[in-house]
Amino acid sequence: MKLDGTNTLAAPIETVWTTLNDPEALRRCTPGLQELKEVGPDTYQATLTIGIAAVKGTYSGTLRITDKQPPRHYRIALEGSGGAGFMKGEGSVDLEPQGNGTLLRWSGDVQVGGLIAGVGQRMLGGVGKMLIGQFFKCLEQRLGSGT
Amino acid sequence: MGTRYVGARIARNEDPALLRGRGLFVDDVRLPGMVHAAVLRSPHARARIHGVDTRRARAVPGVLAVYTHADLGRLGAPLPKLIPHPSLIHHKTQCPLASDAVRYVGEPVALVVAESRYLAEDACDLIEVAYEPLPAVASVEEAVRPGSPLVHEDIGTNVCARYTQQTGDVDDAFARAPHRFRERFVVDRGAACPMETRGVVAPWDARTGLLEVWDSTQAPIPIRNGLAAMFGLLQHNVRVVAPDVGGGFGAKIMMFYPEEVLVPWAAMRLGRPVKWIEDRRESMVAMNQEREQIHDAEIAADGDGRILGVRTVFLYDSGAYIPYGLIVPIVASTTLPGPYRVPSYRCEFAAVFTNKTTVSPYRGAGRPHGVFVMERLLDRVARELGLDRAEVRRRNLIQPDQFPYDVGLIYQDNAPLRYDSGNYPLCLERALDLIDYAAWPARKQAARSEGRYVGCGVACYVEGTGIGPYEGCRITVEPSGKVVVATGVGTQGQGHMTSLAQIAADALGVTPRDVSVHTGDTALFNWGTGTFASRAATVAGNAVALAAQAVRERARRVAATLLEAPVEEIELAGGKASVRGVPARAVSLGELAVAANPLRFAMPADWDGPGLEAVRYFTPPQGAFSNGVHACIVEVDPETGMLSFHRYVVVHDCGRVINPTILEGQIHGGVAQGLGGAFWEKLAYDEQAQPLSTTFMDYLLPTAAEVPALEVAHVETPSPLNPLGIKGAGEAGVIPVAAAVAQAIEDALEPFGAHIAEAPLSPSRLRQLIAEGRRTP
């Protein structure tokens, strides 16, 4: 399933880039994140708890950041599995200055399997957009408060 | 033989217990020391397994065992291949637990046994399986494309069988025909969804060496035979009981589902009774499914709409394995000609593996597909030639004086497809009368002038039923005068306790309430195959008739001695034997049973066994062919794509009717399932073969709100193939529904030019088809 969107953030591109690459910011802003452990350069071990439709599940897996072109672009690959099935996703984030702020474009392709596919796939688009929205809202707040 | 009860609309013997919640289903079996199993299933449609780590799961307190393929030894081999066929080159079956690969979402990978189901499920979450996900094959069309991923890599293809049947010179008929019409039809997947899911409870007694298996199956005797062979036990020491079963619809006849082997095996290993009950979500991926076929079909007709030839080439989706062989596509191929004279016919299919749940017969078992193709082709002929739809059918029907009618094909029982009896024109005319077809054009016009879109559909079918090999029955009259009937065919709601009792009651002069029917317990009757293919009433019913007749004769002989009268003058009625014309000279059946089993005295020279008891078997020479016509009036709301049924008429001929209430129940249930397959129920899979409709939120079973009131009429053309003259009815209700509904919808949407060539439809799909119709009313 493909998802994409844009967000405008009220901070210069460099600040946005730094925040996006700050494990602490990721930890605080990723909805349902239980654990994020750096296990190598740009590679993290993550545990997430997410509810999709009637299925709440904990997924553990890895998150990799690749193709880094500071401060404009990176790709992100995510893979996780748990009792409720598995999810696999790949996406890209592109930044460009827009006035005093930054325009962020994101896109991703997510595949789910097992229980979450059978029960939740219909809801996945909506839930995905909602979670990503929460992520950027949190990010915005952090940028706004200057942390 | 009197016929007071056969044919009577009597209440069912089984209902008092069932309606009061006193049934005994597998989940009601609770045994001391019982532990619970849960199955870890693959979340991937296709993946390699590089390892399974069960350590964390095994460490959970209360977990008794975690089994993987490596633990199974000899039992890890692929499960038995049922019903081989010379054309089935790659007869693949699954292992009870996957070894190095999984091939559909839901394939069992590990079995956990714990003190409770909760613990067992929690432990499943702790098993770590190293999967290497691979691209999956999600559709039959993709599966036959060059370069498609392979479901079974070792065979180098996804096509496991190709099979062609032909009668007459089809190509010549097409070459000469003045009219030829080609269509492509798609019938998608559905699930049987019995109210009771599958379940197994197995206690093992190491001291007596007796394995007992309570199994929600349609075939307890073959399950018993197979388990005895797999475990190296005497068949005598394995008892399989299918108690009350809450629906099977074909999906509970597998021999074997993995759990049917794993649960008894775990019970023997652990020395504790083990219980496994399939939950609904599991059932939507782990219970066999059916229905996906794609037909490229063509009909040749003369200018009067008479059929000259039919040919179809189709793909049959077998899912990841093909345990049940080619039964479904063969039944589809042979049901297609239906009640019509088809002078030339060719049907060729490829059975294809996909990374989806395994397919085996589900109520209809290919018949709905065949009928959908034939009926839609006839609708096309009618439309193109400007003929009335019913008239096209009328012109092509096999006539009553043409029976037995040889279709020229080989049926699923490997015998020639020969219709035994029927009156097809009578059924069609009855249905047309009931739906008031003559007045239809005016009513359609009236609805249209009100801006409403109402359509009428009429579809005919022939249903092969009552195939062999045989069934049997033992009837015993007890000293109380009660009659015990034991047979191998289990019941999943068909009313055997009543229909079989009616047959025995008539022969023995008792009431059906005095007859206690026992089915589905291998300890009570040892021989038989099972309840499937609309065969139980026909095959077991006639065995009951034969056994009851034998008991009757013995009772009369004993009574003749006691009453000092000639045998010919002994009559059985009201639970007694009496001398004709002298009702006071009578003795009860119970007294006869006691007299037939004395404690002393030498038996007479012609003695043939103790008590009033007989065992008889019935084997039909071939299947018996039922038939019927469905007609419906449907209104479509083009804004929402929703349907409302104004009327639904069924005219049905299954030979002599044993109990009209039971028969109508069969038809009602069948039509409901047929409506699901026509409009509501769709098993959706994504492009990686992930099932998307695994709950009843997304898999829409028709409810009382969707199923219209049904009007059912019976025509009775006895079968010459068995003493009772009966034919089967189990699948009748479901068979022509998709065809009749599609025709009615197309009729309703005629102003839009919408073309229906698929089942199931849905409201959104109908709106699409209206848009694609490219016509505005």
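**Notebook: a sheet of chain B and the A–B interface**

I began with helix 11 of chain B, residues 367-385, which lies across strand 8, strand 16, strand 17 (307-319) and strand 32 of chain B. I noted that helix 11 runs at about 140 degrees to strand 8 of chain B. The model is predicted, and I read each entry with that in mind.

I next looked up the sheet to which these strands belong. In chain B, I found an open sheet of six strands with mixed pairing, in the order 7-18-17-16-8-32. The edges are held by strand 7 (159-167) and strand 32 (758-759) of chain B; each has a single partner strand, so one side of each lacks a neighbour in the sheet.

I then examined one pairing within the sheet. Strand 8 (residues 179-187) and strand 16 (residues 293-301) of chain B run antiparallel and are joined by nine bridges. As one example, I recorded B:Glu183, whose bridge partner in strand 16 is B:Ala297.

I turned to the interface of chain A and chain B. Here, 13 residues of chain A are in contact with 14 residues of chain B. The two chains bury about 1100 Å² between them, with 56% of it on carbon and sulfur atoms. I searched for salt bridges across this interface and the rule found zero. For polar contact, the rule finds four residue pairs, both residues at pLDDT 80 or more.

Finally, I asked which elements of chain A give two or more residues to the side touching chain B: they are strand 6 (85-98), strand 7 (101-113) and helix 3 (115-144) of chain A. Helix 3 of chain A supplies the largest share, six residues. By type, I listed this side of chain A as five nonpolar, seven polar and one charged.

Terms used. Residues numbered from 1 in each chain as written. Chains lettered and ligands numbered in written order. Predicted model: local features only at pLDDT ≥ 70, side-chain atom pairs only at ≥ 80, totals over all residues. Heavy atoms only, no water. Contact = heavy atoms within 4.5 Å. Buried area = accessible area lost by both parts, 1.4 Å probe. Salt bridge = Lys/Arg side-chain N within 4 Å of Asp/Glu carboxyl O. Polar contact = N/O pair within 3.5 Å; in protein donor to acceptor, adjacent residues only side chain to side chain. Helix = DSSP H or I, 4+ residues; strand = E, 2+ residues; numbered from the N terminus. Nonpolar A, V, L, I, M, F, W, Y, C, P; charged D, E, K, R; others polar. Pairing = 2+ DSSP bridges. Axes fitted to C-alpha atoms, helices over the stretch in contact; angles between N-to-C directions.
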